[in-house]
Structures are given as structure tokens and as C-alpha cells.
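Welcome to a short tour of this protein. Please keep the structure open beside the text as we go from its pockets to its sheet and helices.

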Amino acid sequence: MPNAVAYHGARVITGDGAVIEDATVIVENGVFTAVGPSSAIDGSDAGTQIDMSGKTVMPTLNNAHFHLPSDRAARTAELQQAAYYGAGAASSFGLDEGTVGLEMRSESIPDAARSQSAGRGITAPEPGRSEVPYWVTSEAEARAAVQELASLDVDIVKIWVDDRGGRYERLSPELYGAVIDEAHANGLRVTAHVFRLEDAKGLLEAGIDQFAHGIRDMDVDDEVIEMWKARPEVVLIPNLPGPGVPAGDLSWMSGTVPAERIAQMEANQSENPAAQEAFGIQARNLVRLHAEGIPVAFGTDGGNSWTVHQELEDMVRAGLSPADVIVAATSTAAATMELEDTGTIAVGKSADFIVLDANPLDDITHTRMISDVYLHGSRVDRAGISSRLLGG
């Protein structure tokens, strides 16, 4: 196997809940061809041998709710920054202008995460906010918007069901019902930005496929649990809010974030009781839904790629175990994005993986201790990305 690379001695977190201590992983032509204990896999005939003793290897992260720039150069830079921080894929949810986001899905960009696009999302009119989404006020407009999205072959349809603190009329059940019905008729799934428990119930009844946020106005009740369990394929992407506590030392961002910005971010840290209360509602809801067997995936919403590591920490802070959070961010997120070739370290999957200097099962913040990132078997030039982003 002259073109194969054998990686020996690492702890391998496979992404489906399993862990292999002292593993050997063989990659050939960008694909995992052998994964298992070193005692069971020889690998000596691989053309390249790499000792990874003391390292931990896990799949790349899949950001199933993100927002990417619509400008090509800026989008490329953000996807490269995503790769720098260990993300292998990102789905841009509903704020993509023009055709760049749709075009770039099929492009192979060096040292960059792959991307998906929902194109323009659908909402009730929200003057003063983004004018990118379709603003719909009738079932006919809602169906026409979906039909246009279907003609563009978007990856998913994004809707917003939120009155933004009472400032707007939220998308009504009649309108989101029409969106979901038309999307399903065109072979598309629908993901919902949601805030209220009552809207989550209405969306479940209407056939929603996934939630791009958790329920945020109150603790979930038994009724929504039963409704959700009756539709166990509906995925929760919790996208937790800031926890309202200081994040501490942010120097781990220094590879892509200028020192002065890091210093400002650290200086602005403070306790925020209101944020803590909001976080608490969503944290309790996440833990309960997970305990009830609802599938939990992973997404960060905003447009800063380093936030994947903060979201991982916040999901653990909420009450999930590091092992459960890693599954959510790797295999479950990949399945949610319908990416069948990634998400786990397994034979036949794309060789998308992160090499860490410490074990994130012991402390989830160890996902920040990145030694290397590989996408489709190729080592990402993290130093080059850092130099470009910092203007070096």
C-alpha cells in the first residue's frame, strides 16, 4: 500500500460513542481503510508511518446551523477558518444572498470545510432586520418561495417563527404549515428558528423536520415531549446562548483572532444574571430532551468559526457528558446534514479528523488543543490559514 498512511498509537474517539485506546488508523486515497486496536491491525505495509502516541483523534465537527458570508472571498476565508478550528462541514441557514453560497457547495476549496446552503429563508415581514429572507404574508407567497428554493436545489428550507420580543407578527401556523407542506412535496426538509414552546408544538404538528434552536421561553412540558417522541426523527440543534459567565483565558483563539481583539473580549467579560437565567431554561430543556431520547445535533448560529468550541463547552455546562456532546457534534450532526461520508472514524468514511494534544472526554475544552486537522486525508495548512487571517 504505497499510497496509504498508517497512524499508530492514538486514542481514537470514533464519533458514535466508542473509544479505541492505542489504535491504528489507515488512510488511503482520502478514505479510512482500517480502524481498530493496534494489536489487531498491522499497517506495516503502508507507505507512510506516523506515530501518534499520546494524541487523541476524533472526527471533525459538523456545524449544522451556521451563517456564512455571501461574498466569495469572505466565505472562502470563513470556511478555511472553520477548518482551522476542526470543522469539516457547515450549513448556512437562510441568509445567503445571490448564488455564491449555492455554487460553492460543489467546489473543492483547499484547506476549507465543505458547505451547505439554505439559500434565502422564509419569515413574516421584519422591517429593520435582514431583507434577505422571503417575507411572506399569504399561503400563495409561502408556497411560491418554497418552489423557488426547490428550483435552486437548496439543502434545506429555513423558517423563522419568532416575534422578536413583540416587535413583529410571527409566521403563523397557516403560513409555516404551507411552507412545510410545499417543501415536503418538493423533497425538501424544513428547519425552524423557534422561541416559544407553543410554536414548537405547532411546528411538530405541522411536520417540521428539525429545530435550529431550543425552546427558549419556558421549560418544556410533558405534552411537547410526547409530541416529539411520536416523531423521533425530528432533530434538535440546541444552539445555546451565552451562559452569562466569564469565558476566562481566550488565548486559544490567537491563531486567527488579533491579540487586541482577544484582549478586548477578555476585558469585557462579566457575570450576567439575565443571560444566566436564559441559559438555564435552554440548558434544562436540552438535558430533558436528550434524556427522553430526542436526537441532539450541533450548531453555533453566528458567523465566527471559533465558537464551535464554546458551544461544545456550553453543551457540557448544560449537563450533557463530553462523550454525548462529541457524538452530537460529529455523527449526529453529519446525519442531520445528510452527509453520509463523514461524521465517524470508520472504514469507508472520508478521512476527516482532528488530532488533539489532550483527551476531550476528560475535559471538553481539550478540543481546543488542536495539533492537526485532516480533511479527506489531507493535512490542513493551519499555519497558512493563521498567517492569512492575521495579515502575516
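The second largest pocket has a volume of about 400 Å³. This is a predicted model, and the pocket is a handy place to begin looking around it. Lining the second largest pocket are 19 residues, and S108, A112, R114, L375 and H376 are the closest to its centre. Two elements, β8 and β17 (378-379), each give two or more residues to this lining. By class, the lining of the second largest pocket holds 7 nonpolar, 6 polar and 6 charged residues.

Now turn to the largest pocket, which encloses about 600 Å³ of space. Its lining is made up of 28 residues, with G242, P243, A247, Q310 and D314 closest to the centre. Which helix gives the most to the lining of the largest pocket? That is helix α9 (residues 307-318), with 6 residues.

Here are the two pockets by volume and by the classes of their lining residues:

| Pocket | Volume | Nonpolar | Polar | Charged |
|---|---|---|---|---|
| Largest pocket | about 600 Å³ | 11 residues | 12 residues | 5 residues |
| Second largest pocket | about 400 Å³ | 7 residues | 6 residues | 6 residues |

Strand β8, which you met at the second largest pocket, also belongs to a sheet. There, 3 strands form an open sheet in the order β6-β7-β8, and their pairing is parallel. The edge strands are β6 (61-66) and β8 (114-117), each of which pairs on one side only. Neighbouring strands of this sheet are turned by 15° against each other on average, direction ignored.

If you would like to trace one pairing by eye, try β6 with β7. Strand β7 covers residues 87-92, runs parallel to β6 and is joined to β6 by 4 bridges. Within this pair, L61 stands opposite A87 in β7. As a general point, strands of a sheet pair through backbone hydrogen bonds, either parallel or antiparallel.

The sheet also has a helix lying across its strands. Helix α1 (residues 72-84) lies across β6, β7 and β8, and runs at about 125° to β8.

A last stop is a pair of helices. The axes of helix α4 (residues 173-185) and helix α5 (residues 197-206) come within 10 Å and cross at roughly 35°. Right-handed or left-handed, what is the crossing of α4 and α5? The crossing is right-handed. On the α4 side, Y176, G177 and I180 make the contact, while α5 brings D199, G202, L203 and A206. Sorted by class, the contact of α4 with α5 has 4 nonpolar, 2 polar and 1 charged residues.

Note on methods
Residues numbered from 1 in each chain as written. Predicted model: local features only at pLDDT ≥ 70, side-chain atom pairs only at ≥ 80, totals over all residues. Heavy atoms only, no water. Pairing = 2+ DSSP bridges. Axes fitted to C-alpha atoms, helices over the stretch in contact; angles between N-to-C directions. Contact = heavy atoms within 4.5 Å. Left-handed = near helix turned anticlockwise from the far one by under 90°. Nonpolar A, V, L, I, M, F, W, Y, C, P; charged D, E, K, R; others polar. 1 Å grid on protein atoms, 1.4 Å probe; cavity = no way out; pocket = protein on both sides within 12 Å on 5 of 7 lines; lining within 4 Å. Points joined across faces, edges and corners; volume = space filled by probe spheres on them.
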